[in-house]
Amino acid sequence: MGEEAAPRASNPVTRELPVTHDIQMPGYTITISPGILETAGMFVHAATQGHRYAVISDLAVAARYGTPLLASFPPGEAHLFTFAGGEPAKTRDTWARLTDEMAEAGLGRDAVVVALGGGIACDLAGFVAATFMRGIPVAHVPTTLLAMVDASIGGKTGVDIPSGKNLVGAFHQPAAVIVDPLCLATLPANELRAGMAEVLKHGVIADALFFERTVAALPALYAHDGAASLAMIETLRRAIAIKCDVVRRDEREGGLRHVLNFGHTIAHAIELVSHFAVPHGEAVAIGMVVEARIGEALGVTEATTADRIERALRAAGLPTTRPAHLGPGAVLAATRLDKKARSGAVRYALPTRIGEMSPGDGLWSVPVPDEVVLASLGTA
Ligand SMILES: NC(=O)c1ccc[n+]([C@@H]2O[C@H](COP(=O)([O-])OP(=O)(O)OC[C@H]3O[C@@H](n4cnc5c(N)ncnc54)[C@H](O)[C@@H]3O)[C@@H](O)[C@H]2O)c1
Ligand SMILES: [Zn+2]
């Protein structure tokens, strides 16, 4: 699975370019390389041929990585636009301010947006790019593990509105994705763990060996110098390749892409009921265990799968049980508010075993009766 090219060494003309690991998507390349942030501008320019670059980043990431990224573009070509971090900033108001500032700075159709940061920067900057001047290219420079393996790939962009998360947005595929694992050295430990929940999810949906390897590599990945480790490059390559493979086969979420939703029906419900006090990565970890139990109860999922997933997530420092104060009834009710829920029984993307998802009736999801959800929430 995945179309990974062999590592590309610097060529004689551009000797200063680092050795990279490339994953090819239709229309763009994902380039993974430790230290690539320092030359990211060259890669973005080669991919987009832009004339001016709007780097969009939250204040904290801009303070750490804004200067080296801006310096990788020719002098005067890149401009920094910032927003206060956090999910509350992923709004139409922030989108409006950023697009106003870009217009006031004289950026036009030949400009390119560069999203620098976590999933929030990717979603927000991607939506700015999808709409500014009716659409200009976006390049992603993800700095969280979650953004590297998930949010920067696939072209989903958008903002939150009072009725729910990500309800206004657009599909806008990036022109380039530049992944520098060294950025993870400064990522808070809880954010690294949150990304690891999604990495392990990619193992469950597509690659049992990768799942086991990731669990075995956790001490190296979480070590002080984990961001610079070979294990981190290998983990990123495979986790990204899995997401790419799914997206490549189902760009607009017609069917197969539902497998990426494993753990997320319950996760979104837990986030909602807790008023987002439970962070997404932790909710996904709990959701994966509950949904694997649902699969086992229905006979869709091989026995012991939920226990194996639970052990892996615990090893990754993630919670695996529903917080006691979030009642099963409330969580069940909240699954019905998920925008992906259809009428009737809510559909779940369920594994048949670690490494393989159930095709269901072609929709890559299975309708689950309420009592099975309740029972699985009760025991998890
Ligand atoms: N578009 C998609 O396909 C997709 C997929 C998954 C998630 N998402 C979205 O992603 C968002 C969550 O993304 P996230 O978890 O990356 O959150 P985030 O963007 O808020 O980043 C988390 C925190 O880490 C800080 N940070 C980022 N990189 C850092 C670094 N290298 N060093 C130190 N601090 C750093 C940020 O300032 C922020 O405080 C959600 O809004 C979610 O909806 C989108
Ligand atoms: Zn997720």
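**Figure 1. Close-up of H140 and its partner in β9.** H140 has V177 of β9 as its bridge partner. The model shown here is predicted. A second residue to find is A139, which stands opposite A176 in β9. The strands in view are β6, residues 138-142, and β9, residues 176-179. They pair in the parallel sense, over 2 bridges.

**Figure 2. Close-up of β2 beside β9.** β2 and β9 also run as a parallel pair, here over 4 bridges. I32 can be used to locate the pairing: its bridge partner in β9 is V179.

**Figure 3. Close-up of the side chains of β9.** A176 and I178 point one way from β9. V177 and V179 point the other way. All of these residues are buried. In a regular strand, side chains alternate between the two faces of the sheet. In β9, V177 is the bridge partner of H140, and V179 is the bridge partner of I32.

**Figure 4. The open sheet, strand by strand.** The sheet has 7 strands and mixed pairing. Read across, the order is β1-β2-β9-β6-β5-β3-β4. β9 therefore sits between β2 and β6 in this order. The edges are β1 and β4, the latter spanning residues 78-83. Each edge strand pairs on one side only. From one strand to the next, the twist averages 20°.

**Figure 5. Helix α1 packed on the sheet.** α1 covers residues 40-48 and packs on the sheet. It touches β2, β3 (52-58), β4, β5 (111-117), β6 and β9. The direction of α1 makes about 165° with that of β9. After the helix, look for Q49, which is found in the loop between α1 and β3.

**Figure 6. Helix α8 across three strands.** α8 spans residues 230-249. The helix lies across β1, β2 and β9. Relative to β1, α8 runs at about 5°.

**Figure 7. Close-up of Q49, a loop residue with positive phi.** Q49 belongs to the loop between α1 and β3. Its phi is near 55°, a positive value in a residue other than glycine. Is Q49 buried or exposed? Q49 has 11 other C-beta atoms within 10 Å, so it counts as exposed.

**Figure 8. Close-up of R134, in another loop.** R134 is in the loop between α4 (119-131) and β6. R134 is not a glycine, yet its phi is positive, about 65°. R134 counts as exposed because it has 7 C-beta neighbours inside 10 Å.

**Figure 9. Close-up of P279 between two helices.** P279 is found in the loop between α9 (264-273) and α10 (280-298). There are 18 other C-beta atoms within 10 Å of P279, so this proline is partly exposed. G327 serves as a second landmark: P279 and G327 are 48 residues apart in sequence. C-alpha to C-alpha, P279 and G327 are 17 Å apart in space.

**Figure 10. The contact between domain 1 and domain 2.** The domain assignment gives domain 1 as 21-186 and domain 2 as 189-379. Their C-alpha centres lie 26 Å apart. Domain 1 puts 24 residues into the contact, and domain 2 puts in 25. Which elements each supply at least two residues of the side of domain 1 that touches domain 2? They are β1 (21-25), β2 (28-32), α5 (145-151) and β8 (164-171). α5 gives the largest share of that side, 5 residues. By class, the side of domain 1 that touches domain 2 has 18 nonpolar, 4 polar and 2 charged residues.

**Figure 11. The whole chain, for orientation.** The chain has 13 helices and 13 strands. The radius of gyration is 20 Å, close to the 21 Å that the globule rule gives for 380 residues, so the chain is as compact as a globular protein of that length. Along the principal axes, the C-alpha atoms fill a box of roughly 60 × 40 × 35 Å. Of the 380 residues, 52% count as buried. Among contacts between residues at least 6 apart in sequence, 70% join residues at least 24 apart.

Terms used. Residues are numbered from 1 along each chain as its sequence is written. Chains are lettered from A and ligands numbered from 1 in the order in which they are written. This is a predicted model: local features need pLDDT of at least 70, side-chain atom pairs count only at pLDDT 80 or more; totals for chains, interfaces and linings use all residues. Domain bounds come from an automatic or database domain assignment. Two residues are in contact if their C-beta atoms, placed from the backbone, lie within 7 Å. Ala, Val, Leu, Ile, Met, Phe, Trp, Tyr, Cys and Pro count as nonpolar, Asp, Glu, Lys and Arg as charged, and the others, Gly among them, as polar. The radius of gyration is taken over C-alpha atoms; the globule rule is 2.2 Å times the number of residues to the power 0.38. A residue is buried if 20 or more other C-beta atoms lie within 10 Å of its own, exposed if 12 or fewer, and partly exposed in between; C-beta atoms are placed from the backbone. Two strands pair if DSSP finds at least two bridges between them. Axes are lines fitted to C-alpha atoms, for helices over the stretch in contact, and angles run from 0 to 180 degrees between N-to-C directions.
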